[in-house]
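Colleague: I've got a few "why is it called that?" questions about this one. Can we go through them together?

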Amino acid sequence: MSSPNVFDPKHYPELDSGPRVLLGPGPSMVHPRVLRAMAAPVIGHLDPYFLQLMDRTQDLLRYVFQTKNQLTIPISGTGSAAMEAAVANFIEPGDPVLVCINGYFGHRLTDMIQRYGGEISTIHRSWGEVFTPKEVKEALTAHQAKVVAIVHAETSTGAKQPLGDIAKVVHDQGGILIVDAVTSLGGIPVSVDEVGIDVCYSGTQKCLSVPPGLGPITVSPKAEEKLSERKTIVANWYLDLSMVQKYWGTERTYHHTAPISANYALYEGLRVIAEEGLENRWQRHRQNAELLWEGLEDLDLSLHVPMKFRLEPLTTVRIPDGVDDLKVRKQLLNDYNIEIAGGLGELKGKVWRIGLMGYSSRAENVLLLLTALERILSKQ
Ligand SMILES: *Cc1c(COP(=O)(O)O)cnc(C)c1O
């Protein structure tokens, strides 16, 4: 190493992240328009222009969430920050909570809820399966749960959880439903109002195709009421929605400095989505997923989740016996610039996870991956 005051560019070369094709569980590829938006000059977080941009961003977020919810904002932080905002604000110490666990992110929810003092009960399904409204209802009744938390799109398993009847069951018992839509928002229908989701959160770097950094969240009037009736203070200062809302709402009170460039990126990313139209976007995700599924089956690979519950933005495919998981992924990255991911938890070493999210969901990417995989597998 050279001494600290002699800069040697050999040791610190210019940034060059290369032309990666991102087909993993996130981040997805970022639309060029979004990257350009991030290069715009940074202005103040209380600049009238920025305040206007915040209003427009909230409108576009309501469109993407398909909701009229007033309280709809991008949390500063990634999807996990939005998850933590949902937990910290809507669960009080001692609240009975039901968590549905069928993958990695159900466990993360449980971990967070425990830290905020929720009285947890859980139901489980193996990784790749989904829950029925009946089993949620039974567990909910037995535990007298006030809050149910469930993952819509389990990025660790590739399973898509139907939500409509579950929301009904939760509301019939007077509870509120928290839904993790990190991998579904902008890729498959989330429809917050129609389904009846009370608290729904997401992240920017999956199907919204914006760099990681913000976690959009939307809150129903009923959940807002629950928030205003809390007996205890929210145990997380940064994520306290009643305070954050004073900045995003009409009062415009400083809470923390909004990440300006990340918000530029989100705004442009949402414009790209609105321009394409949600229905067209869902259809594109479906078409490219089907192209991938057919192609993988043509390579004699088997898909982990049955068609009915298969998630368009994230496919899990079983690694054939005798094939070296790591070696294949390394070759994809080194020889073809393609990123896919291995399995997590129960599925570690058993599946590959292939993401077709947002701007990554394009036929040329599917065909490139299939060709590369075919060549690599034929040599193993
Ligand atoms: C990615 C993901 C998260 C966490 O988001 P980060 O942006 O990594 O913090 C949460 N839930 C699901 C389902 C995810 O796919």
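Colleague: What makes the link between Ser80 and an oxygen atom of the ligand a polar contact?

Modeller: Keep in mind that this is a predicted model. Here an N or O atom in the side chain of Ser80 is 2.6 Å from an oxygen atom of the ligand. The cut-off is within 3.5 Å, so the pair counts as a polar contact.

Colleague: Which other side chains have a polar atom by the ligand, such as Asp180 or Thr183?

Modeller: Both of those. In Asp180 the partner is a nitrogen atom of the ligand, at 2.7 Å, and in Thr183 a polar side-chain atom lies 3.0 Å from a ligand oxygen. The protein covers 89% of the 380 Å² of accessible area that the ligand has on its own. There are 13 residues around the ligand, and Thr78, Ser80, Thr155, Gln205 and Lys206 come nearest.

Colleague: Why is the pair Phe7 and Tyr12 called stacked?

Modeller: Look at two values: the ring centres are 6.1 Å apart and the planes sit at 20°. Centres within 6.5 Å make a pair, and planes under 30 degrees apart make it stacked, so the name fits. The structure holds 4 aromatic pairs.

Colleague: And how do you know whether Phe7 is buried or exposed?

Modeller: Its relative accessible area is 59%. Exposed means over 50%, so Phe7 is exposed. Tyr12 has 42%, so that one is partly exposed.

Colleague: What makes you say that Arg362 lies over the face of Tyr359?

Modeller: Arg362 is 4.0 Å from the ring centre of Tyr359. Similarly, the charged end of Arg310 sits over the ring of Trp293, 4.9 Å from its centre.

Colleague: Which residues have the most contacts inside the largest nonpolar core?

Modeller: That core has 80 residues, and the ones you want are Ile75, Phe90, Ile178, Tyr201 and Ile217. Ile178, for instance, touches residues including Phe90, Val148 and Tyr201. A second, separate core has 27 residues, among them Leu23 and Leu296.

Notes: Residues numbered from 1 in each chain as written. Predicted model: local features only at pLDDT ≥ 70, side-chain atom pairs only at ≥ 80, totals over all residues. Heavy atoms only, no water. Core = buried A, V, L, I, M, F, W, Y, C linked by side-chain atoms within 4.5 Å. Buried < 20%, exposed > 50% of the residue type's maximum accessible area, 1.4 Å probe, protein only. Contact = heavy atoms within 4.5 Å. Phe/Tyr/Trp six-rings, centres within 6.5 Å; stacked < 30°, edge-to-face > 60°. Lys NZ or Arg CZ within 6 Å of the ring centre and 35° of its normal. Near = heavy atom within 4 Å. Polar contact = N/O pair within 3.5 Å; in protein donor to acceptor, adjacent residues only side chain to side chain. Areas by Shrake-Rupley, 256 points an atom, 1.4 Å probe, with all protein chains shown as cover. Lists of a residue's contacts leave out its neighbours within four places in sequence.
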